[in-house]
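Q: I should like to learn how to read the features of a protein model. May we work through one together?

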Amino acid sequence: MLKGLLFDLDGVLTNSAKFHLTAWNNLAKELGITLNDAQLDSLRGISRMDSLELILKYGGQEDKYTEAEKEKFAAEKNSKFVEQVETMTPKDILPGIPELLADAKKQNLKMVIASASKNAPKILTRLGIMDEFDGIVDPATLHHGKPDPEIYEKAQEIAGLKADEVISFEDAKAGVESIKAAGQFAVGIGDKELLKEADYIVPTTADLKLSEIEKVFNEK
Ligand code: BG6
Ligand code: MG
């Protein structure tokens, strides 16, 4: 029986994913690295330092910088990202999400955030939906990033539920892989081909309807 929903944040509840990708793309350019669309998309869901390492690898620069230099690059990217976050308001909640959260509340479902972002509390506060959630996984406590199952296992533990009692929402390929590795039901939001491991896929958040998703969940 469905008892909880676990949510990624960037690209699911709000479109902050685009701020991350723009900030990374700009940093890559400054480092003389051109990222193609697939490389840029592969950064979705990936932690800050892992994203930087991936960009340096794509540019063949994995051994070029010291740890201190890498920390500086990541901090620069983060301050650009945070500048964008500071402009966010409740209007930036993606279409369909308010209805989904309201439907979940009506059913008394537990709701937990499973985001790799250290900025998640700040973003949720800007959106005015911090209090809607029963908990947030602290990414600083994780040993492995997505696609490892750890973050979704932790979110499930915070909710106090079993894997077959939750539905988890993601826009990232690495995120869907993390959910499936945790043995949970995955809803993918975005490209059908890219997110094909998900149990239920919609092109945008506006297409999310809890009763429809639940039907498929109950058949599994
Ligand atoms: C994820 C984003 O939610 O958080 C990634 O999809 C981002 O793009 C990651 O790199 C880490 O975010 P932050 O805010 O801690 O740098
Ligand atoms: Mg995401």
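Q: Which helices each supply at least two residues of the shell around ligand 1?

A: One reads a shell by asking which elements its residues come from. In this predicted model, helix H1 and helix H3 (48-58) each supply at least two residues of the shell around ligand 1. Of the 18 residues around the ligand, the ones that come nearest are Asp10, His20, Arg48, Ser117 and Lys118.

Q: How do the residues of that shell divide into nonpolar, polar and charged?

A: The shell around ligand 1 holds 8 polar residues, 6 nonpolar ones and 4 charged ones.

Q: Where does ligand 1 lie with respect to the domains?

A: One looks at which domains contribute to the shell. Here the chain is divided into domain 1 (4-15 + 92-219) and domain 2 (16-86). Both domains give residues to the shell around ligand 1, so the ligand lies between them.

Q: How should I describe the contact of the two domains, and how many residues does each give?

A: In general, the size of an interface is often given as the accessible area lost when the parts come together. Here we may count residues instead. The centres of domain 1 and domain 2, taken over C-alpha atoms, are separated by 24 Å. Domain 1 brings 17 residues to the contact and domain 2 brings 11 residues. On the side of domain 1 that touches domain 2, H6 and helix H8 (173-181) are the elements that give two or more residues. The largest share of that side, 3 residues, comes from H6. By class, the side of domain 1 has 5 nonpolar, 6 polar and 6 charged residues.

Q: Which residues of helix H6 are buried, and why do they line one face?

A: The general idea is that an α-helix has 3.6 residues a turn, so residues three or four places apart point the same way. In H6 (residues 120-127), the buried residues are Ala120, Ile123, Leu124 and Leu127. Seen down the axis of H6, these residues fall within an arc of 95°, so they line one face of the helix. Their cover includes helix H1 (16-30), helix H4 (67-85), E2 and strand E3 (135-136). After H6 comes glycine 128, with a positive phi near 75°.

Q: How does one read a strand such as E1, and which way do its residues point?

A: One notes the directions of the side chains, then the partners. In strand E1 (residues 4-7), Gly4 and Leu6 point one way, Leu5 and Phe7 point the other way, and all are buried. E1 runs parallel to strand E2 (residues 110-113), joined by 4 bridges, and leucine 5 has methionine 111 as its bridge partner in E2. E1 also runs parallel to strand E4 (residues 166-170), again with 4 bridges, and there leucine 5 stands opposite isoleucine 167.

Key. Residues are numbered from 1 along each chain as its sequence is written. Chains are lettered from A and ligands numbered from 1 in the order in which they are written. This is a predicted model: local features need pLDDT of at least 70, side-chain atom pairs count only at pLDDT 80 or more; totals for chains, interfaces and linings use all residues. A residue is buried if 20 or more other C-beta atoms lie within 10 Å of its own, exposed if 12 or fewer, and partly exposed in between; C-beta atoms are placed from the backbone. Two strands pair if DSSP finds at least two bridges between them. The arc is that of the directions from the helix axis to the C-beta atoms. Two residues are in contact if their C-beta atoms, placed from the backbone, lie within 7 Å. A residue is near a molecule or strand if its C-beta atom, placed from the backbone, lies within 6 Å of it. Ala, Val, Leu, Ile, Met, Phe, Trp, Tyr, Cys and Pro count as nonpolar, Asp, Glu, Lys and Arg as charged, and the others, Gly among them, as polar. Domain bounds come from an automatic or database domain assignment.
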